[in-house]
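Okay, everyone, have a look at the screen. I'll walk you through what the computed values say, one piece at a time.

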Amino acid sequence: MSLPDCPAAQLAQFLGPNSTNASGAASLICEQFAAVGNRFKDTAFAVDNTYLLFSAYLVFSMQLGFAMLCAGSVRAKNTMNIMLTNVLDAAAGGLFYYLFGFAFANFLYQWAFAIAAAGITSGSIAERTQFVAYLIYSSFLTGFVYPVVSHWFWSADGWASASNTGNLLFSTGVIDFAGSGVVHMVGGVAGLWGALIEGPRIGRFDHSGRAVSLRGHSASLVVLGTFMLWFGWYGFNPGSFNKILVTYGGNSGNYYGQWSAVGRTAVTTTLAGSTAALTTLFGKRVISGHWNVTDVCNGLLGGFAAITAGCSVVEPWAAIVCGFVASAVLIGCNKLAEKVKFDDPLEAAQLHGGCGAWGVLFTALFAKEEYVNEVYSGGGVGHGLFMGGGGKLLAAHVIQILVIVGWVSATMGPLFWALNRLSLLRISAEDELAGMDLTRHGGFAYAYEDDDAHKHGIQLRKVGPNSSSTPTTDG
């Protein structure tokens, strides 16, 4: 956003030979034009930075959404525990991302993205994990595991980044615009390993192996958290442009530029989430016979996780396809989880890992050449297979999925295994039945009566520093 050059010598000719000190007058006029041009540049920087900061605030507000969603999805006796872990994801993540992650990532990206990945993982291992394990894994994930992945796929010199125009993977690079792979798959795969190594919660599967529903205590909090996440996603996806005052085609004044792509990205995000929510609503109605608000909320978030990779480079109609398939992926992953007795209280591994992987593949199929060239202006980045772009982009995206699964498995898997071997991962059966709010955090989030306590004959009581954490039983 700048004014054209102002050559003083040429301007002096137009002032004519009779003008007093024509050269000086021309220089003065050009200096004034330059000053105005600099002010326009300053304004452009200010607008772009304000846009980036506002987007960061929106993404950070998603932590409140995660907290409410997690709190509503667990039983009331573990509410304080899960809320505390969400706060510490932000606090510990901020410190360790600053100390270590920023150096690895090699560029300044929203710290809020890093703690979003950690928040996803915390949902998978909720209701049975020791507090010290949360601190260790969250710091390691945000300080090392996530930043390495973000560098690979987002940095200008990342080996698979679409911004690395001089050395594109398969001559096309990877289009993961806002992080279906970088954020959601990283958090989902980490949660997968944590939940697998810990094992299911007590009572999640009966003696015959059938799944038993351990419902969260508040659908209201689940819905509140979902709407907060929905709101924050408009910073997550449209905000990933980082700047808004960019014209396309090199010409200003045509009313079409990056601000247009920002609007389109908000539309595709909305359509994918909405389609996934409605598909899940009717799909689960057929399967279970109920209209379940929690299932709809998870379907909505699954659609958002899937569209995140390609939100800026696909048509709105393609976003509807993305949301529809994302719902099917989520339902299928949940069915598979029950078959193998995998317990994830928030369906985080299935939602973020499964739908995130679908989003990576979806982008490789439906990315439109025109939009890719606008968003990745350096040139050379491929477009979708179904949009006439051939199979190179799809091959690059398959590599992305394999690399993320391999890297996160090689780092987080051994970490959770070591914590488990050191008895630092899972709480005792007695503490799990009584609830961590009582045994680990000094009291309940609110006064309530827990069905599990009556079912197992547990008398809940305050546990002092010198008393046993084992709850008493009736009789």
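So, 52% of the 475 residues in the chain are buried, where buried means under 20% relative accessible area, exposed means over 50%, and partly exposed is in between, with a 1.4 Å probe and protein chains only. Keep in mind that this is a predicted model, where local features need pLDDT of at least 70, side-chain atom pairs count only at pLDDT 80 or more, and totals for chains, interfaces and linings use all residues. Residues are numbered from 1 along each chain as its sequence is written, and side-chain values use heavy atoms, with hydrogens and water left out.

The chain has 16 helices and two strands; those are DSSP runs numbered from the N terminus, H or I with at least four residues for helices and E with at least two for strands. Take the contacts between residues at least 6 apart in sequence: 74% of them join residues at least 24 apart. Contact here means heavy atoms within 4.5 Å.

Now two examples of such long-range meetings. M68 sits in helix α2, and because its relative accessibility is 13%, it counts as buried. Its C-alpha is 10.0 Å from that of A219, with the two positions 151 residues apart in sequence. Not counting residues up to four places away in sequence, M68 touches M83, L221, V222, L224 and G225.

The other one is L419, in helix α13, residues 392-421. With 4% relative accessibility, L419 counts as buried too. Its C-alpha lies 9.8 Å from that of Q130, and those two are 289 residues apart along the chain. Leaving aside neighbours within four places in sequence, L419 is in contact with A133, I136, L424 and L425.

On to the second largest pocket. What is its volume? About 840 Å³. A pocket, on a 1 Å grid over the protein atoms alone, is an open set of points where a 1.4 Å probe fits, with protein on both sides within 12 Å along at least five of seven lines; lining residues have an atom within 4 Å of a point. The lining has 32 residues, and the closest to the pocket centre are R204, S213, R215, D295 and E347. Elements giving two or more residues to that lining are α2 (22-73), α7 (219-236), α8 (258-288), α9 (293-307) and α10 (316-339). Which one gives the most? That's α10, with four residues.

Let's follow two of those central residues. D295 is one of the buried residues of α9, a helix that is mostly covered, with 12 of its 15 residues buried. At 1.5 Å a residue, α9 should span 21 Å, and its end C-alpha atoms are 21 Å apart, so the two agree; the expected span is 1.5 Å times one less than the number of residues.

E347 is in the loop between α10 and α11 (348-366). At 18% relative accessibility, E347 counts as buried. Its phi is near 55°, a positive value in a residue other than glycine. F170 also has a positive phi, near 55°, but F170 counts as partly exposed, at 39% relative accessibility. You'll find F170 in the loop between α5 (131-154) and α6 (180-198).

Last stop, α8. Its 31 residues should span 45 Å at 1.5 Å each, and the end C-alpha atoms are 44 Å apart, which agrees. Just after α8, G289 takes a positive phi of about 85°.

Methods:
Points joined across faces, edges and corners; volume = space filled by probe spheres on them.
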